[in-house]
Amino acid sequence: MGFVAPAHSIRSGRLSGRPQKRLTDQRVSRRWSFLPSAPQRLRALADGNWRSSTTTTTTVPSRSSSAVKSAADVGTAALAWERLAFDFVPTSCYVKSVWRADTNSWSPVEEVHYGPHGEPVMPVHIASTALHYGQSVFEGLKAFACADRHVRLFRPRENAARLERSARRLNMPVVPPELFMEAVQRCVLRNCEYVPPYGAAGAGGSLYVRPLLFGSGGRIGLGPADEYTFLVLVTPVGNYYRGGLAPVTAYITTEYDRAAPRGVGHVKVAGNYAADLKPSMEAKARGYPINLYLDAREQRYVEEFGTSNFAGIRYLDERGDRYVYVTPWSESVLAGITNRTLMELTQLEGMAVEHRPVTLDELGHFDEVFATGTAVVITAVDQVVRGERVIPIGRTTGSGHVGPVAQRLYRQVRAIQTGEAPDPAHWTHLVI
Ligand code: COI
């Protein structure tokens with residue numbers, strides 16, 4: 001794995017062509033599928049029981065699903081794995097469960113197969129509270145093909161717990177952890193052809209899992225929906241940034257705030273990311289692939305990057321063999337699972353973690369800075385720009401070198417995720 005790369009640009013390439021493996025999926029799905037005729041679809045619409053004309057919905061018991069897919073299917077989709085970016089690539093199906101106020105319960109997890117033309121679409125009430133009032137929360141986690149041919153998820157129960165916190169903050173029904181786990185495992189299992197084979201997709205290959213909970217019931221007056229949909233989709237991904245681990249220059253966003261104190265910044269609410277689109281696009285237009293937010297109240301403390309948490313490393317010796325891991329505490333920072341993993345790995349190494357308010361003035365005193373999140377894992381930052389001022393980070397700023405602590409932590413996380421290193425804290429969860 002090379003840690004020196006010149007490019008700071010964002011990957012935008014798309015994989016083209018339909019994966020050939022889809023034929024197999026459609027054959028399998030036909031065994032289970034309900035293909036409504038046009039009059040049936042009209043009747044279903046009139047009953048309020050919508051079914052997309054391009055999707056087929058099936059309820060399949062978990063046991064049958066695992067009988068259909070096995071380790072032999074992992075990574076068999078006809079995709080150019082080494083060219084994977086962080087883009088949506090359609091797979092075989094997604095899974096969903098629906099909560100309704102009248103029953104106060106979640107429906108059994110269903111598999112929804114993409115249709116004959118592969119459109120990953122679903123019908124949504126035109127007055128849904130997600131569309132109108134932003135009642136939508138999501139998660140991101142990854143499944144990995146491992147050295148021992150198994151497929152494992154990384155810390156899925158942490159995502160279930162955070163989704164619960166997000167749901168409570170937006171007044172949504174909670175997805176029970178066991179339902180979350182069933183849906184995530186089922187979706188990975190049924191799409192296991194799309195898990196990048198072990199070692200085939202370069203450093204960053206994985207099956208990205210995106211659980212989404214949103215108000216699907218229609219309501220025009222402001223109030224909670226009477227129906228919520230929890231869906232899980234998966235898509236194979238490579239590195240988030242084109243340069244992989246190569247360091248980038250970050251731009252401090254001063255014109256906008258990411259999140260207010262006592263707002264929704266600490267939970268994974270879709271609107272947080274919508275609010276970042278304009279600031280992050282403006283940063284990119286200036287040539288900076290990543291933007292960093294300060295606290296909304298004083299603009300004095302470091303909060304987080306547009307899509308990931310902030311971590312700063314202070315060396316306690318010349319080479320960074322001994323160090324302190326510093327990451328901002330604030331009521332509006334998202335509780336990142338990868339950040340937590342890095343903090344725990346640091347502590348396992350016998351090093352100190354400081355989880356506390358971090359002032360802007362401290363930035364230039366760190367030996368290393370990086371962004372950390374599920375999608376990026378670690379993105380090293382070797383300088384930070386604020387207006388006209390450039391704040392260099394560490395001794396190798398501008399050289400394209402990633403600091404030794406970021407390299408070590410990254411390798412450790414990846415090794416545990418892919419089963420190359422022991423998993424003493426039981427972070428991984430076996431799917432296949
Ligand atoms: C993740 O790291 O999983 C995220 O939620 C960031 C997202 C914008 C890709």
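**Helix H6 and the nonpolar cores of the predicted model**

Helix H6 is mostly covered, with ten of its 14 residues buried (buried meaning under 20% relative accessible area, with a 1.4 Å probe and protein chains only; helices being DSSP runs of H or I of at least four residues, and strands E runs of at least two, numbered from the N terminus). The model is predicted, so local features need pLDDT of at least 70 and side-chain atom pairs count only at pLDDT 80 or more, whereas totals for chains, interfaces and linings use all residues. Residues are numbered from 1 along each chain as its sequence is written, and side-chain values use heavy atoms, leaving out hydrogens and water. Among the buried residues of H6 are Leu179, Phe180, Ala183 and Val188. The end C-alpha atoms of H6 are 20 Å apart, which agrees with the 20 Å that its 14 residues should span at 1.5 Å a residue (1.5 Å times one less than the number of residues).

The largest nonpolar core (buried Ala, Val, Leu, Ile, Met, Phe, Trp, Tyr and Cys residues joined through side-chain atoms within 4.5 Å) holds 45 residues, of which Val188, Leu213 and Phe230 touch the most other members. Elements giving two or more residues to this core include helix H5 (156-169), helix H6 (177-190), strand S8 (206-215) and strand S9 (227-237). H6 supplies the largest share, eight residues. Phenylalanine 230 is in contact (heavy atoms within 4.5 Å) with residues including Leu179, Phe180, Ala183 and Leu213, not counting residues up to four places away in sequence. Another core, of 24 residues, lies apart from the largest one and includes Phe154, Tyr323, Phe370 and Ile378.

Methods. Buried < 20%, exposed > 50% of the residue type's maximum accessible area, 1.4 Å probe, protein only.
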